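Okay, thanks for squeezing me in. I'll put the structure up and then talk through how the pieces sit together.

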Protein chains: 2
Amino acid sequence: MARPRKFDEERAVDAALEAFWAAGYEATSTQDLCDATGLGRSSIYNTFKSKHDLFRRALLRYMERKNGNFDAVLESAMPAKEKIRALLGVIVEEERLHAEDRRGCLVVNTCIELGSRDPEVAGVLERDYRRRFEALKAAIEAGQRDGDIDRAKDAGALAHFVIAAIGGMRVSARAGVGRQALEGILRTTVDAL
Amino acid sequence: MARPRKFDEERAVDAALEAFWAAGYEATSTQDLCDATGLGRSSIYNTFKSKHDLFRRALLRYMERKNGNFDAVLESAMPAKEKIRALLGVIVEEERLHAEDRRGCLVVNTCIELGSRDPEVAGVLERDYRRRFEALKAAIEAGQRDGDIDRAKDAGALAHFVIAAIGGMRVSARAGVGRQALEGILRTTVDAL
DNA sequence: TTGATTTTGTACTGAGCAATCCAAAACTCT
DNA sequence: AGAGTTTTGGATTGCTCAGTACAAAATCAA
């Protein structure tokens with residue numbers, strides 16, 4: 001029938017993800033994407049509609065991956081507070097790395113860069129937020145049933161609070177805050193549950 | 001001596017600030033800056049070294065303004081917890097606005113956009129963080145002396161925590177979180193003090 | 001082997017980018 | 001008024017951007 005593709009589409013999305021993650025949407029050029037994926041422009045534009053489309057795909061893939069880890073922690077056997085401590089601990093670990101590796105979280109970065117001026121991306125971000133929120137809320141409610149978390153508190157409010165803490169730690173890390181301070185934020189957050 | 005300037009430098013910085021605030025550093029072109037300030041390219045480049053330099057000036061101006069309000073609240077007569085509630089309340093108010101006005105906070109936006117790849121800007125952000133941190137820590141310590149805030153807690157850790165909460169609310173707002181949820185985060189944060 | 005079909009590499013498009021150049025205009029001082 | 005100095009507007013620089021055009025290469029079915 002026809003000439004087959006020489007590359008794997010998913011691998012290309014992964015490579016593009018790395019590029020977008022490192023520099024953000026605007027600051028990543030199509031040439032950067034060619035370099036990162038090892039593909040020619042034609043292959044990229046033949047496979048994806050546009051840079052924007054490729055970004056959307058990469059973002060979705062990042063969310064899939066990240067939420068996999070997120071859910072794995074929430075579905076583990078730990079007490080609820082320990083689960084949340086573990087989730088926040090990941091942030092401390094990731095932000096501890098040296099400057100050039102400090103890419104933060106693509107979702108947080110994208111919230112700030114595109115959340116308020118790219119409706120399509122905003123929709124993706126909103127759906128992802130809701131997904132994380134529901135998973136977290138369920139884990140907190142389970143913790144309340146176990147007596148691990150105060151039943152008088154509103155599980156939804158706590159879930160929003162924890163997600164905000166994650167975003168806040170990400171922002172503070174970019175402002176130059178070190179590991180110790182991040183751990184302090186982690187402790188204070190967990191103590192608030 | 002010479003031809004005098006027809007415009008006010010500070011006003012130009014203010015106008016540039018609006019543009020950068022609305023779209024971020026990368027997404028604001030020099031043409032956008034000309035339109036926003038009403039100046040020609042020559043005037044801009046004659047007054048400021050570069051787009052980057054103008055951005056730095058605009059960012060510093062934003063910080064000056066913002067920290068003025070910040071300090072005003074912290075130096076008011078309220079109990080410490082009320083001061084912090086007021087600081088967080090400003091975020092809820094600002095993020096409540098309609099989509100096109102939802103610019104968030106230029107400092108938070110810049111932390112994410114440039115914090116990890118622009119050393120000069122990173123330095124400015126770090127100094128600004130420290131300034132806010134010290135002011136907040138002092139207010140919390142005063143609150144501890146007044147008995148308004150638990151003396152057993154580490155004032156520094158609480159200060160980092162509050163700053164992270166602000167950043168986190170900003171990120172969540174961009175992810176589409178509404179006013180009610182933001183108010184829940186506010187309450188949970190203040191209760192944690 | 002041939003013909004249909006798709007991918008791939010390369011050159012290219014027009015637009016927009018940050019920044020510079022230059023001469024005319026505008027002003028102050030003598 | 002005239003010399004000296006700075007600002008200003010507009011044209012222009014060289015470059016990069018996202019995206020396209022096109023023909024050669026690669027594969028399949030017959």
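**Around the axis**

So, let's start in the middle: of the residues of chain A, Gly168(A) gets closest to the rotation axis, with its C-alpha at 1.9 Å. And yes, this is a predicted model, so keep that in mind.

Where does that axis come from? Turn chain A by 180°, shift it 0.0 Å along the axis, and it lies on chain B with an RMSD of 0.0 Å. The two copies are therefore related as by a two-fold rotation axis. The same surface does the job on both copies, too: 100% of the contact residues of chain A turn up again in chain B.

Now the contact between the chains. Chain A puts in 40 residues and chain B puts in 41 residues. On the chain A side, α6 (106-114), α7 (119-146), α8 (155-174) and α9 (179-191) each bring at least two residues. The top contributor there is α8(A), with 13 residues. If you sort that side of chain A by class, you get 21 nonpolar, eleven polar and eight charged residues.

Okay, last bit, inside chain A. Helix α4 (residues 51-74) packs with α7(A) at about 5°, and the axes are 11 Å apart. With the cut-off for roughly parallel being under 35 degrees, α4(A) and α7(A) therefore count as roughly parallel. Among the residues that meet there are Leu59(A), Met63(A) and Phe70(A) from α4(A), and Val121(A), Val124(A) and Ala135(A) from α7(A). But there's charge in there as well: the contact of α4(A) with α7(A) has nine nonpolar, one polar and six charged residues. Arg56(A) and Asp71(A) in α4(A) are among them, as are Asp128(A) and Arg131(A) in α7(A).

That's me done, thanks.

Note on methods: Residues numbered from 1 in each chain as written. Chains lettered and ligands numbered in written order. Predicted model: local features only at pLDDT ≥ 70, side-chain atom pairs only at ≥ 80, totals over all residues. Contact = placed C-beta atoms within 7 Å. Helix = DSSP H or I, 4+ residues; strand = E, 2+ residues; numbered from the N terminus. Nonpolar A, V, L, I, M, F, W, Y, C, P; charged D, E, K, R; others polar. Axes fitted to C-alpha atoms, helices over the stretch in contact; angles between N-to-C directions. Parallel < 35°, antiparallel > 145°, perpendicular 65-115°, else oblique. Least-squares fit on C-alpha atoms with pLDDT ≥ 70 in both.
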